[in-house]
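Trainee: I'm new to this one and a bit lost. Could you take one strand pairing, look at it closely, and then work outwards from there?

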Amino acid sequence: MNTGISGDNHFTGNGFNDNRNGAGQGGVPMPSLLETFRAARTAASAPEQPKPAEPEIVQFPVAQSSTPPRMSRDAQPRHEIETSRTPPKRTTPTRTSPDTSHRLKAAWGNIVAEMGFRVGEKLFEIETVFGDQTISPSGQTVVIEGSFGAEPFLVHVAAPALIAMLQAVDPAITNLPSMPVDALLACEAIASNLISRIEEATGEMIALHSLSLLRAGNRVSSGMLGASIASGGNQWPAGFEVGPRAASWLEGYAAANQHPAEKRISRQMAVCIGPVAMATEQVYRARPGAIVDCGVDPSADVRGILLRSDGSYWPISIEDEVIEVTGSLRGPVPMRAGTGSTIVSMRIGDVTLTPSERLRIEPGTRILVSRIPENLAELRVGSKALCHGELDVVEGTLAVRISATGAIA
């Protein structure tokens, strides 16, 4: 998860800019996606010509889905994109009624569902958030105007999010195309999979009409439905303004996907060996230099738990930097196993998952673990770390050589 966005990925000069240079293998200049976008626009606006028997079709490497492919721009009954440099005038969507707006906004932040989409090999997860959203207080916000059937809508998204999506198609891209029309075509290409899914679910045609840029400090509507977009360890704010028809459909979608408890749980979960019962005196008197036996044979299956912040857990099998879920969600972990005994676990790493990813966990699910550096482990009672040290094999069993009290810094 270290596929971050480099520091030069930002708007420069007058906002939209195409700072794309570089060469492919053998020093041959890499073809710019901008040329493809402009070619698509030119083809859409050119006078109709006799078509060749087998026309060449440009394919964008977005994820495949079970939905029917979207028609080409010249075949769809779409609003024609302006080809001048002057951005078209933006129309504010029709506002929802107070009751509808209140109901939708009250349920919006508790939605947990698979709303992500793939661009190339990268997954971009969309998650709803409560409250008013400030998209980019210190940077630029891209505003896309479109229509849901005959009803207008607006999408606000931080510019670096769109750049990251374009980079999933071509890593050499560092900025959005310089012309808003080109940028709009690029946005439609990278979001085609998501648009098709929404069209199939709602039965409404979605079209994108214009794209503009809001400078830092511009006020964003308080009626917007807030969201976040995440990919590769990066997260960007976004938001939507919709009319009554879209709001009505979203109300039903929100009602069917309410998981408020999942939204309150931390995304970070502890991967622990155990739990095991130990003498209470040994647990609470462990000091630097002591050896705490985990009671686990490393040559056999190492059992453990994937512990959530609410105390519930999944039983797991630990294989170095991968875990496999072996049972259903249960818990919380008991604190005591009888007189003079305390239940402890040894945290060796963490897993970070979105609420929708957590809901997809089932027996057999395999997850990569971010291990604690230097083979360290924490001795825990519940979620409280009592001490920590190096994980080692002592007389054939796993043990923790205590080096300090408290949690790992």
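Mentor: Start with strand β8, residues 268-279, which is joined to β10 by 4 bridges, the two strands running antiparallel. Keep in mind that this is a predicted model. To find your way into the pairing, look for Cys-272: its bridge partner in β10 is Ile-305. Cys-272 has 0% relative accessibility, so it counts as buried. Stay on β8 a moment longer, since Pro-275 lies in that strand too. The peptide bond joining Gly-274 and Pro-275 is cis, with omega at about 5 degrees.

Now cross over to β10 itself, residues 302-307. Of its 6 residues, 5 are buried, so the strand is largely enclosed by the rest of the structure. β10 also pairs with β11, residues 313-319, through 6 bridges, and that pairing is antiparallel as well. Here a handy pair to look for is Leu-306 and its bridge partner in β11, Trp-314. β10 and β11 make a hairpin with 5 residues between the strands, and in it Gly-311 takes a positive phi near 95 degrees.

Since we began at a cysteine, you may be wondering about disulfides. A disulfide is a covalent bond between the sulfur atoms of two cysteines. With a cut-off of 2.5 Å between the sulfur atoms, the count here comes to 0 disulfides. Cys-387 is another cysteine to look up; its relative accessible area is 1%, so it is buried.

There is a second cis bond to find, this one joining Gly-331 and Pro-332, again with omega about 5 degrees. Pro-332 sits in the loop between β12 (322-325) and β13 (341-352). Gly-311 isn't alone in having a positive phi, either: go to the loop between β15 (370-371) and β16 (376-381) and you'll find Glu-374. Phi of Glu-374 is near 60 degrees, a positive value in a residue that isn't glycine. Asn-375 is found in that loop between β15 and β16 too, and has a positive phi of about 60 degrees although it is not a glycine. As for accessibility, Glu-374 is exposed, with a relative accessible area of 69%, while Asn-375, at 33%, counts as partly exposed.

Now move to an earlier stretch of the chain, where 7 strands form an open antiparallel sheet in the order β1-β2-β6-β7-β4-β3-β5. β1 (117-119) and β5 (206-214) stand at the edges with a single partner strand each, so one side of each is left without a neighbour in the sheet. From one strand to the next, the twist averages 25 degrees. Inside that sheet, try β6 (residues 225-231) and β7 (residues 234-241): 7 bridges join them, and they run antiparallel. Ile-229 stands opposite Trp-236 in β7.

Next, the helices around that sheet. Helix α4, residues 180-190, lies across β1, β3 (141-148) and β5, and runs at about 130 degrees to β5. One residue to pick out in α4 is Val-181, which is buried at 8% relative accessibility. The C-alpha atoms of Val-181 and Ser-210 are 7.2 Å apart, although 29 residues separate the two along the chain.

Helix α6, residues 244-256, lies across β3, β4 (151-158) and β6, at about 70 degrees to β4. α6 has 13 residues and spans 19 Å from its first C-alpha to its last, close to the expected 18 Å. Its buried residues are Ala-246, Ala-247, Leu-250, Glu-251 and Ala-254. Seen down the axis of α6, these buried residues fall within an arc of 145 degrees, so they line one face of the helix. Arg-245, Ala-255 and Ala-256, on the other side of α6, are exposed.

Compare that with helix α3, residues 159-169: 10 of its 11 residues are buried, so α3 is largely enclosed by the rest of the structure. Among those buried residues are Leu-162, Met-165 and Gln-167.

Finally, zoom out. The protein chain has 9 helices and 18 strands, and 47% of its 409 residues are buried. Of the contacts between residues at least 6 apart in sequence, 70% join residues at least 24 apart.

Notes: Residues numbered from 1 in each chain as written. Predicted model: local features only at pLDDT ≥ 70, side-chain atom pairs only at ≥ 80, totals over all residues. Heavy atoms only, no water. Pairing = 2+ DSSP bridges. Axes fitted to C-alpha atoms, helices over the stretch in contact; angles between N-to-C directions. Contact = heavy atoms within 4.5 Å. Expected span 1.5 Å × (residues − 1). Buried < 20%, exposed > 50% of the residue type's maximum accessible area, 1.4 Å probe, protein only. Arc of directions from axis to C-beta.
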